[in-house]
Each structure stands twice: as C-alpha cells, then as structure tokens.
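Please read the points below alongside the sequence and the model. They are meant for a colleague who has not looked at this structure before.

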Amino acid sequence: TGRIVYSRWDYIDRDAVTHQNVWATRPDGTNPIAVWGNATPNPHCAFQLQPIPGSNKIVFTASAHHSITAGSIVVLDPSVDNNAEAALTRITPEVPFPESETWDIPEYYAAPWPLSDTYFLAAYSPTPLVWEPGANKRNALGIYLIDAFGNRELLYRDPDIGATNPCPLRPRPVPPVVPSQLPENPPDTGEMALADIYEGLGDIPRGSIKELRIVQIFPKLTVVADTPPIGIAREENARAILGTVPVEEDGSAYFTVPARKPILFQALDENGHAYQTMRTITYVQPGERVSCVGCHETRMSAPPRGTAFERPPSAIRPEEFGTEPFAFPVVVQPVLDRHCVGCHGSEDPQGGVNLTGTPHNNFSKAYWSLCGDVDFWGEGTNPENAAKALVPRFGARNQIQVTPPGGQYGARGSRLMAMLRDGHNDVELEPHEWRRLAAWIDANAVFHGAYTPERQQMQMAGEPIGMPPIE
C-alpha cells in the first residue's frame, strides 16, 4: 500500500522495556497507526521489519531490549489481530523470544530478508546471545537460507568477522508512489475526528463522557531516564495540559490540534476526571485531517458517523491555569496554600502531613506528603495500591499493558479526591480548584514539566518557562 512500517519505542507512563513494536505511517508522515503489539509484552521488540512480497505479511526479528538486535524470526499477519500472538508465526520456534520468555538463548537469528512467506535469508549465530553490557562474539553471525519447515543452509560465513543483513541484488517492482493529501500552504494545525468514544470503554452509560483532555508530551532530553527527576512515579515524560474539547452525547468529537506535537487524550467525566487515559502518543501533520473509531476500540471495527462532524471543529479550551509545561508549585500548591496549610503547615502539621511548598528531596514537602505513601514502581502498580494511595498513578516499569477504563490510577480513584468530596475539615473548593487537582493527578501526578535543573528551579519559584526548545 506504500506505507512505511517501522518500530516505535512507546513508554508513556508504562514499562520502558516491553513496548517497541510495529507501527506504520504514510510517506508524508500522516496517519500514524499501531499495526501490531502496542499492548503486548511478548516479544519485547519487533525489529528489522521487512514486507513479504505478494502479501500483507511482515517478517521481523523478535528481539530483546537489553541486548543486540537478535533473537527469533517471526512472520506477522496484521489481518489476524493487532495485538494477540495468534497473528505471529514463528519461523524459528527453537529460539524463544529473548528476555520476554527467557534469558537463556543458546543460538539466535537476525536481519531477515523475505524471498517468500516461507523462505528467507537471515543471519544466524550458533553461539549464545550475550546481554548488555557484554559483547557478542565478533564472528558469531553468518548468512543462511532458512525456511518455515525448519531447514537452514549456510550461504556465507567469514571466520574473523560476522556477516549480517543479507540483501539480494535483483530486479524488483518499483514501490508505489503514494501522493500526499496535505494542502500546499497548510496551517500549523490539523483536525481530528472521533466517531464514538464509548467504543472500547466497556459498560459505561452514554452521556458519561463530557470532554477530551489534550495533553502534550515532551520528548525526553536527558541521557539518564530519571535525572533530573520529573515526579515520584519515576522515569516520566514532562508534559503540558493544552486544554479540553467537548464530546457530544453520542460520543463523537471533532476538534483542532497543533501540528507536529506529540499528544495524548483523556476521556473526562462530568467532574473533569479521566475515565480513560491514552498511554501512547499520536500527532498530525500541518493541514492533516485524521479520524479514529473510539477509545481503545478494536481496529477491526468500522466507524459510525457522529453529530460532531456536522459542525466546524472545536478549538481547544485551555484550563484556567494555562498551557505552560505542568508544574506542581504553579498549579497545585496555590490550592493547598488556600485551603490546607492552615492545619497542615510547617509548624506541628496535623497528622504529621506537611502541605507547604517548602523544597524537599527534588520536589516539595507537600508533594511528598501527598504522593509518598505508596511506591508504584513495577509490580507496585496494581489495584490494591491504587485503592489505598492518596494519589494513585502508573509507576515506572509497570506491567499494566492495557489501560483499564474507569480511572482507578487517576483522579477518579484518588483517595485524596474522595476525602475532599466527603468534606474533609469542611474544605470547600472552587470548581477551577477541583479541576486543578484532577488535572494534576490524571497527568500521572508529575511535579516538574522540564528536563533541566535550571528550568525546574524556575518552576519551583513559580516562574513561567515557556515550551521547551524540542517539543
């Protein structure tokens, strides 16, 4: 079809190891779609993708995250399923998927080149896979012909240096030229159409979702994932809340978004709490119009036509606190200063809970008091911890592969929000203050919105920092 198929590393508020799977885009960069594996941890990585001639199938190397690109050779048929292992055929079943199935890989393959859907050129090593920071043998790989029937024939091997990435020189059909559908002089925005947000949300009454929150994710600019830290969940991306757009009663939405910005969506209830969060990103090119069916819906479904499409696209409505990179001292601390520090101040705080903005351990006393009760790292991200934490969140390296609807890891599941709703100490928040707290918790309770110590210090002091140079 002329699409570019590629591997994408996707770890927005989820495991940084298990999501390097198959995506596709048009040659002009429009309409990025998850082809397969964005919600499955096995294999961890789908690398070295190659289209199989005369079919819609793809061959790739099922690789580990913590080693070289090598492992087992797999054929993917996306028409079977966009996540399940049923869409995979293991051409080399004797080699398990490295890391996701076992760390004991006595032999490995790499760099497949399809000759058909049953015959492939590939690199092969009869020696075990070595894990980082170790080095694999320099002469481990040779070029082989392999097939789907378990045969392997040596074609070339050098005794001193490995041979890999076979690519036959032969006449092949010229790939189709896919013309761009973008306008010649486009605006710096694109349009997005959502057919029915209730597709994929489970058993929820229609009319429950009132808005979509649009969050911009900033690309990581630091060499070490958590230096400097962004929040207590660890290894997070900094972000900015751009605002909201309305959702119609039938679940449809039609709106304008900034072009070439990584964004995600949250489905909000009548209180401005996220019922569902998209833990990946999408984007539009300038002037692009794109649509989706629903919220985590099956890719095999066809979209209905919503009433939102009968009107012009909605503009994003910024929240009262603006669209700056998110900062706890700017958005949340003023609410605490007004309603909470009277009892939870620095002098003999009630219950030992200090809710002042005093800097403490990379963040503040208030932030640690609200978020330091439960560790959500890895397996710590679970329903039990979400229920008992004041401020639940998705911890780094968590194994929640498919985001459960209902918002249990956000403001809807927050014990802090429940306490305030129940009239804790007769606190009465203004509507915009409720939205500030909900937006913060649903933004995975981050503290900083910047990756450099200098910009973080500005946020700590309540100073505006503007958008980062790379966004």
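1. This is a predicted model, and a first place to look is the stretch just after helix α6, where Asn-444 follows with a positive phi near 65 degrees. Helix α6 itself takes in the twelve residues 431–442, which at 1.5 Å a residue should span 16 Å, and this agrees with the 16 Å between its end C-alpha atoms. Among the residues buried in α6 are Glu-433, Arg-436, Leu-437, Trp-440 and Ile-441.

2. Two further asparagines deserve a check of their backbone, given that most residues other than glycine have a negative phi. Asn-425, in the loop between α5 (415–421) and α6, has a positive phi of about 55 degrees, and its relative accessible area of 43% makes it partly exposed. Asn-362, in the loop between β19 (359–360) and β20 (363–364), has a positive phi of about 75 degrees and is likewise partly exposed, with a relative accessible area of 49%.

3. Where are the cis peptide bonds from Glu-132 to Pro-133 and from Thr-227 to Pro-228 placed? Pro-133 is in the loop between β9 and β10 (142–147), and the bond leading to Pro-133 has an omega near 5 degrees. Pro-228 lies in the loop between β13 (211–217) and β14 (239–246), and the bond from Thr-227 has an omega near -5 degrees.

4. On the surface, Leu-115, Tyr-119 and Phe-149 make a nonpolar patch of about 290 Å². Of these residues, Tyr-119 is placed in strand β9 (residues 119–125), and it counts as partly exposed because its relative accessibility is 36%, which falls between the cut-offs of 20% and 50%.

5. Is Thr-282 buried or exposed? Although Thr-282 is in the loop between β17 (274–277) and β18 (289–292), it counts as buried, because its relative accessibility of 13% is under the 20% limit. Leaving aside residues up to four places away in sequence, Thr-282 touches Pro-32, Met-192, Lys-261, Pro-262, Ile-263 and Phe-265.

6. Taking the chain as a whole, its secondary structure comes to seven helices and 20 strands. The radius of gyration is 25 Å, close to the 23 Å that the globule rule gives for 471 residues, so the chain is as compact as a globular protein of that length. Buried residues make up 53% of the chain, and among contacts between residues at least 6 apart in sequence, 62% join residues at least 24 apart. The accessible surface comes to about 20,900 Å², with 54% of it belonging to carbon and sulfur atoms.

Key. Residues numbered from 1 in each chain as written. Predicted model: local features only at pLDDT ≥ 70, side-chain atom pairs only at ≥ 80, totals over all residues. Heavy atoms only, no water. Helix = DSSP H or I, 4+ residues; strand = E, 2+ residues; numbered from the N terminus. Expected span 1.5 Å × (residues − 1). Buried < 20%, exposed > 50% of the residue type's maximum accessible area, 1.4 Å probe, protein only. Patch = residues over 30% accessible without salt bridge, like charges linked within 9 Å, V, L, I, M, F, W, Y side chains within 5 Å. Areas by Shrake-Rupley, 256 points an atom, 1.4 Å probe, with all protein chains shown as cover. Salt bridge = Lys/Arg side-chain N within 4 Å of Asp/Glu carboxyl O. Contact = heavy atoms within 4.5 Å. Rg over C-alpha atoms; globule rule 2.2 N^0.38 Å.
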